[in-house]
Structures are given as structure tokens and as C-alpha cells.
Amino acid sequence: MPTNFTVVPVEAPEGNTDGGEGEAEAERGEEEGPGCERCNRWQPRRESGVGDGIPRESSPFINNASMEGENIYEGKNMALFEEEMDSNPMVSSLLNKLANYTNVTQGVVEHEEDDDSKRKEIKAPRMGTFIGVYLPCLQNILGVILFLRLTWIVGTAGVLESFIIVFICCSGTMLTAISMSAIATNGVVPAGGSYYMISRSLGPEFGGAVGLCFYLGTTFAGAMYILGTIEILLKYIATNAAIFTGGEEATLNNMRVYGTCILALMAIVVFVGVKYVNKLALVFLACVILSIIAIYAGVIKTAFDPPDFRICLLGNRTLLSGDHICAKYVIENNVTETTLLWKKFCSDDPSLNATCDEYFRLNNVTEIQGIPGVASGVLFDNLWSVYREKGVIIEKQDMPSVPVPSLEEVKEKSDAYVYTDIMTYFTMLVGIYFPSVTGIMAGSNRSGDLRDAQKSIPTGTILAISTTSFIYLSCIILFGACIEGVVLRDKFGEAVNGNLVIGTLAWPSPWVIVIGSFFSTCGAGLQSLTGAPRLLQAIARDGIVPFLHVFGHGKANGEPTWALLLTALICEIGILIASLDSVAPILSMFFLMCYLFVNLACAVQTLLRTPNWRPRFKYYHWTLSFLGMSLCLALMFICSWYYALVAMLIAGCIYKYIEYRGAEKEWGDGIRGLSLNAARYALLRVEHGPPHTKNWRPQVLVLLNLDSEQLVKHPRLLSFTSQLKAGKGLTIVGSVLPGIYLDKYTEAQMAEENIRSLMGVEKTKGFCQIVVSSSLRDGISHLIQSAGLGGMKHNTVLMAWPQSWKQTDNHFSWKNFVDTVRETTAAHQALLVAKNIDLFPMNQERFTEGNIDVWWIVHDGGMLMLLPFLLRQHKVWRKCKMRIFTVAQMDDNSIQMKKDLQMFLYHLRLNAEVEVVEMFENDISAFTYEKTLVMEQRSQMLKQMQLSKNEREREAQLIHDRNTASHSTGMVKSHTAITTPEKVQMTWTKEKLISEKHKNKETSMMNYKDIFNMKPEWGNLNQSNVRRMHTAVKLNGVVLNKSQNAQLVLLNMPGPPKNRQGDENYMEFLEVLTEGLNRVLLVRGGGREVITIYS
């Protein structure tokens, strides 16, 4: 018997035009998938604006809606296949659809319509590799760090370490680009770019977490570009525009005020007219390219005509540039006159006898060329790093100077020197530099606008990274070869008249770089504010993060208004930080995490070798992806270990939130494939032999009974399952539908949905399995035999007691129940039968007091001991105490039994009260005989008489009335006989034992004669049934006396008789045994030890 059942489509006959056609359509809806419109009428629409966020494509593969009106199988040539053509099109039709297939543009469209509405036909995209991928990547990669920080990084880290920094970062992005190219060429990549690739490769949890990290990175990138724009504006263009004047805090406040204003202006531009941003993109790109050309032209010019930028040094210390002469004094007309520089160091006293700064007095003022040129050999001076603390004077390394014993006076004259503004070290520079190599996703984000995305994305992206890597690496060498070290370390060009340092090298004018970099950073900021809201909108429309749902909406034309507002607010946080050097490491973390998961996605897909993994880009390998992933992770901790931990914590929280609250999505992701591989590996490992006793736990098969509407009759059975299992181990919830599978597949599907829904409500973690069988009996047998897979099979069956077993028209009759008991025994599986299941507590209830009573009559492998312990782990039963009762016979020493049981529980590490109940043999009561007589009479009547349903009901009522009358009469006569066994005596003496035996022997014959004189027919009863009924009545009396008020009673379940003729009597015995108890769990062991005293 197979363990999994799949509903397959069954076509209705041609002549059926009423319900059959609708059913056939509904069946096809299961098969056809998201490309079909007809199935959307039959399936619930879960994707109204949220969904999976993917635009509805006109799929050419299966059942396109446009084929509805076409008779695609005219003629008789293919009549044999005509019934299949609705779901499986002809090859010719498929090829025709493929030839005409075009994907809609996912770029920024001014009049974008809703996801679920039918998109307008547009012309096929015509963008090639150069325009569509290469130039956008070039524009996104080259930017603010190149113009504002690269010279400073070279001067601080030295040419060699700067080369290492750039090489590591560019290697990481190149390896990521290789992985991205493999993913991007493994099918069409719609809007969302990297987010789409990661989420569809690693699943919604990873996709949502990394997508939001990528969104935050893009948003903080916008803040960084705006801060770069303000820095260029206030430092190099409009130096007098500062609102606040003074020290470092005033500079930060200026950045905050101007940054907020420009952010608001850019947000308004994006809100009002995105198309203007896209049209200006070419202008911004031209600024970047012209600036790069100006740098290389300036380098070439320095070889024969270096620019004249002189640097003034006092000893080896760099002085601020100004309108003063770089000398202590000058001689004019044979008169020595002091300079402004003299006054700075001599307390504004122009006389030659003035008291001056000690260092000024001991050292000479010299003037050197700031840009000595590429042929000057300054490269060798700039090879090594010069890391400094914050507030240290920038010094020329090879310049001699006379030191002074104290620096106190120097600190007082701080306005004369150029100081470092932050402490520098290698890892910090990596964090500042890394944002300059981001932007490699620009091509994949525009995949819908490309003529051939699967060719253009790898070629364009890798070419762009190669080009920019060459530019960065060559610039490092050229900067080190052309510019003096003190100028390189002068971050804001204070020693070169406040010029942008990279601008001093450019040709024909520094203003080319200043203006170019200003427009470049403006454009990059605008594009970040354009792209980030659309990324957030894509995540929101996927519906995987519930609280982001509102950001999926926007203006009538689809512009993400609310997402833009949130982006602007987050961007403002970066603006308030006000330091480009502080913001850069933050966005480095988010981008690195995104790149890490792109590499992980490629590595997972490659190692799993899933059939759908067929990238057109062939130059990838899982080792490259793994290397890229490791490099990204290392870079995260190199940049800033605490930022890395915070970024991982944010991503982890988002992951767990999506896992807990997010929408269920099946995207065919690699993590699911990885889980399947891991599950297969684990199943193969646990296949060999049963688990050790220490690892045994109940792996439960829950047998549910359904009503006519396929709803669960006893939901509390699932509540009890979750309380018993607490999410651990295996739980299979099964049910049987009688009938033929081809006729019942709709009901089976409905039943499975209902059960899964109830499992979610009751927090029962497990699997659902519905079996359609010709009979209820066979279906249960199939479940017991075949549920589970390999080593993950159930070892325990949980079911509810059939309350209406006496009604012969009940589907779950006593015969099915007894056969289930026999089959679980034959399969060596434990059986739990919950009686009065509707009285069991729900998961929300809490017992504040009470007992769980265990009646240990026979040894069952320890199941009775283990079950209360497992139940008390759950909040419902946690405050209940465990009591264990065992029964001592006539020959048992009850005191020793109690000591042994207490020691056994001590070794089992279980806390429970122990009580030994003594039951001595006494006469069988008249009530017992009467119960046995009524039972056998009922059994005989039902076997001999073929009664109609109504007659059977009347007969059952008559027997019930007679039973009640006999019960009341018998209770009077046998009051002493019933109550006497309930007396509990804790000590048997030898004399007492002998006297009791003689007493019983003397009175037995007389009592039997007296009893048979009451009703002669009692003498004809089956004595085996009488003895069994006697045990049930006596034990029920004892249990009622001790455990009537217990919250739960666990009892050994007697086995069914070997002779099948007495099955109905077995049900009566169990009924009598548990009569009067509220909640009972009958337990039957599986024939093996399940609990051990050993560690």
C-alpha cells in the first residue's frame, strides 16, 4: 500500500454538460498551475495584491487562457489524445506560444498597473548588454567613495595595503557576480532583482530577511550619497554656505540641516516624476565618465607638466594653507619683516624678539610640491601605511625635524596644522571602502528590459566589475605615484587651499571633478530613493511579512507612496548620523549579507543538483560560490564585528518572524531541497533497527473519525496529542473515508484541509494522511501498516473510544475497534484509547490541582510510567501530581511491593505517590452474574435475529431497561459483596491468609448453590465470561473508590479474546471496567521496554 496519495485529474465524459464539466474544470485547476485563468475561478484567490508578488505572465507552457476559445484538436488525426489536450497542449501549439512569448518590462513604468490586472501590450524590449547592464553597473559602482575617500585611503593605508583592500572587495563582488549570473540565467528574473533571486532560491524566510537587509542597505546608500553631496557642496563649492560655524560639531549640524533639506527635495522629485530621474540618469553617468577621463588625463599631464600645488611644512608637520607666505619672515629693502605665519606661532607679536612656539623656533619652514608627478618616484614613499589616532598632526615621514619635549603648546596652536579627524586602522578602511564596489545588481534589476537577459546579465556585470576593478586598482597606484603623502592623508584638502584632493590631479581643472562628483552623488542618491521603495513594495506584495502589507500599495499608477515615505524616514536616520565615514560601514554590512546569500543560493542549488538547475551561464562552480560566501562573511567581521552581529541579529529576527507569522509560500527554493536531502540522509541513518530504549518516545498515529461534512468529530483528540507530544517526535494524523478513490478524491481533499486547519488551531505539529478505502476496516489497517516512511514510522496508535459502539449502524463499530486492537498488537505498536475524549482539556485550560492516577495492573514495558511524565511537561497538566496504584493478590507481600515500586520509581527519576491496593478473592456477586447474563443474551439475540434498524433499536432499549432493573435489584442483594473488596488492607499475615483460604473453601459451594437458586439460568453462563465480568466489576469498584476525582486515569487495557466469537463481550468488559470515570486513557504496550533506569 503506498504511503502518499495524490489527487489526479479525471476528465468527465463528453456528454456530461452539467456538474461533470465543472468537476473536470476543477480537477484541471489542480493540474494547471498559475498560468491558467480557469483554475482561478475554482481555487481561492490568495493573491489579491499580496500573493507571491510576481506579475502574471502569459505562460506558454501549460493551459494558457487564450487557448480557451480555440479548437486545438480539430480533425481525427489526434482523436486518441483529444481528452488530454485541455491540460497538455500539442507540441506545435506549445512551440508557437514559445516563439511569441515576451516578458513584460519590470523597469520603472510611469503608468504601471496593478499586479492582478491585465497588463497592456508593450513593445519587446530592445536594450542590449552595453546600455542595459554595463553602463548602469558602471554608474552604480563608481561613485562617492572614489571621489571623496580613495585618495585618503591610499595615503593612510599605503599603496600596498590599499591594493589589498580593493583586491579583496573586488574579488568578493566578482565571485558574487559569477554566482548571480548562474542564478539569473536559470530562468527569467522578474522585478526585485537580488531579492527575487534569493527568495526563490533559498525560500521566503531567507528571501524576506535578506531582501529587507538589501532594502536597508540601499536606503542607507541613499543617505551616504546625500552626505557626500553635502560634503562636496559645503567643503568645495559653497564654502560660505555653512549655517553653523566652529568645530567638528558645527560641521555635523550643517550636514544634518542641509542633508534633511536635500533628502526632502529628492523625495519630492521621486514622488512627482520618476521618469525625470530616469531621463537624467544618462547625464549623471556622463558626469562619472568625464570625471574618470579627467583623472587619467591629469595623471598623464603630470609626467611632463605637474600642476602647481605647494604644501607648506613646519619641520615635518603639515600647515594649513591660507593667504600667508610659507616663511617665518621675508627681507624687503634690506628690512626683515615677519609674516602672518610668524604671528600665528608668536602670539600675534610681529617683532623678531617675540616669544614663539618651541617647535616653531627649532624647525624651519619649507615648501614642497603637492603633486610632484608620476615620474617623481614618490610612489616608494607612499608604499607603507601611516595609521594614526584622532587629532594627530599629519606629518611627512622622511622630512627631518627637531622634536620638543611637550606638545601642550602645539595643542594651543591647533589652528595652524592639519589634523586627522578620526582614528584609522586597516579594518575600518575596509568598511569605508566597500560601498564603492556595490551596485553589481543594477543589471539583474533590469532583466525585463533586456533583449537577451540570459546573455546580457553575466557579460555586462562581469565586464563592469572588471572595468571598475581596473579603475580602482590603477587609481591606487597612480595616486600613490603622483601625489605627496601628506596631501593624500589630508582628507578635506586643507593643505591645498581647500581643494578636493583628487581634483588637484585632474585636468583641465579641479572643477571638472568637483562638479562631476556633485552631480554623480546627486544622481546616485536619487536612484537609491527610486529603487529602495520598489524593492520594499516587491517584498510587501509577496505577502511574506504581514506588517509590511501596507507598503505594497501606492498611487493609482503603482508608484510606491508609502514605501517612499518609510524609505525617506530611514534615510533620515543616516542623515542624522551626519558622517559619511560612519554610515559607510552600516550599509557595507547589509550589502555583504545580501551578497553572502546570493553565493549561498548558488552553492546550495549546485550541490543539490536539482533538475531545474540548468543555468545558461556555465562558468561557475560551487567552490567559487563557497569562496565568495566565506569572503563576504569575513569582510563583514573585518569591517566591524559588532555591526556584523547586529546585522545578523536583524536578519535572524526577520527570519524567525517570517517563519512564525509569515505567509506559507512554495517557491521551489533550495532550502526546501536541502531539507529534503537532509531528511533523506537522516531517514537512511535511522532505518536500521528500532531506537534504543533511551531514545524511545511515542511516535503517534492519531486515528480521527469524520462526520458527513468531513469535519473532525472529536477535536479534543488533537488537543491531547499536542499535550502529549509538545511538538517533539513524529505525529501522523490519519483518517479513513469509505468508498472508491476516484469518486471520493474531492471529499478527501476537503477532509485533509479541515484536518490541517484543526491541527493549526490545536498547534499539533505533524503530518496529515487521508486514505480512501473500500471499507473503514481496510483503511485503518492500511494506515497502521503503511503510515510513515522508513525509520520515521509510528510506534503508537491513539484513538477515541467508540461511544456508540452498541449501535450497529455506526460506521466505527465494535468490530472495527477490536480488530484495530488486534492489529496494533500484531504490529508491536502501543495503543492508547481515550474514553470520554470530549471531556479532556483544551490547550488553553490549566489544571491548578488534581492527580494523574496510574493503575498498573500488568507490566506493559513502562508505557504507563512514561505517559504521565510526558503529559506533565505541558502547561495543562504541569500542576497535577502523579499517583501510581498497583494491585496485590492474595499471595503477595504488599509492604515489600510498595518498597520495590518506590525504589523502581526512584531509579526511573520519577516523582510519584505509591499505593498498593489489596484485592482478596471473594464470591462472585449476583450483580456480576446478571451483567454477564444480559451481555450474553444481547449477543445471542443480535446474532440470531435479522432485525431492521428500528427493531434493533427497540430491542437494544428493552435490554437496557431489563439491565437497569436487574442492576437495582442486584445492588440491594449484593451490597456487601461489592463494598467488601474496596477495603484496603496493607498487611497480610500467614494466619490470616490460611484462615481466608479455608473460609472461602467452606462457603464457596454453599454460595454457588444459593446464587443458582435465585436464577437457574445463571448456571448455564459461560464461566470464562463470568470470571472476566467479575474482574471488571471488582476493579472498577476499586478504581472508583480511589480515583473518581482524578483529572486523568491511566489503566492497563486488557487484550481481546483469542476466540473471535466473544469480541462483543470484550467491549462490554471494557465498558464495565471504566464505568463512572470522567477521563480514562486505556493503555496497551507495544511489547518492548520504553523506559529504563540506566543513563
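**Exercise 1. Find which residues Thr461 touches, leaving out those up to four places away in sequence, and decide whether Thr461 is buried or exposed.**

Step 1: Thr461 touches Val133, Cys137, Ala177, Met180, Ile440 and Ser456, where contact means heavy atoms within 4.5 Å. Before going on: this is a predicted model, where local features need pLDDT of at least 70, side-chain atom pairs count only at pLDDT 80 or more, and totals for chains, interfaces and linings use all residues. Residues are numbered from 1 along each chain as its sequence is written, and side-chain values use heavy atoms, with hydrogens and water left out.

Step 2: Thr461 sits in helix 16 (residues 453–482). Helices (H or I, at least four residues) and strands (E, at least two) are DSSP runs, numbered from the N terminus.

Step 3: Thr461 counts as buried because its relative accessibility is 0%. The cut-offs are under 20% relative accessible area for buried, over 50% for exposed, and partly exposed in between (1.4 Å probe, protein chains only).

**Exercise 2. Work out which residues make the nonpolar surface patch of about 570 Å², and which helix gives the most to it.**

Step 1: Pick out Leu633, Phe637, Trp641, Tyr642, Leu645 and Met648. Patch residues have over 30% relative accessible area and no salt bridge; like charges are joined within 9 Å, nonpolar side chains (Val, Leu, Ile, Met, Phe, Trp, Tyr) within 5 Å. A salt bridge is a side-chain nitrogen of Lys or Arg within 4 Å of a carboxyl oxygen of Asp or Glu. The areas are Shrake-Rupley values with a 1.4 Å probe, and for residues only the protein chains shown count as cover.

Step 2: Helix 22 (622–639) and helix 23 (641–661) each supply at least two of the patch residues. Helix 23 wins, giving the most with 4 residues.

Step 3: Now zoom in on Tyr642, which lies in helix 23. Tyr642 counts as partly exposed, because its relative accessibility is 44%.

**Exercise 3. Work out the order of the 3 strands in the open sheet and name its edge strands.**

Step 1: The order is 2-1-5, with antiparallel pairing. Two strands pair if DSSP finds at least two bridges between them.

Step 2: Strand 2 (317–318) and strand 5 (365–369) are the edges, each pairing on one side only.

Step 3: Check one pairing: strand 1 (residues 310–314) meets strand 2 in the antiparallel sense over 2 bridges. Leu314 has Arg317 of strand 2 as its bridge partner.
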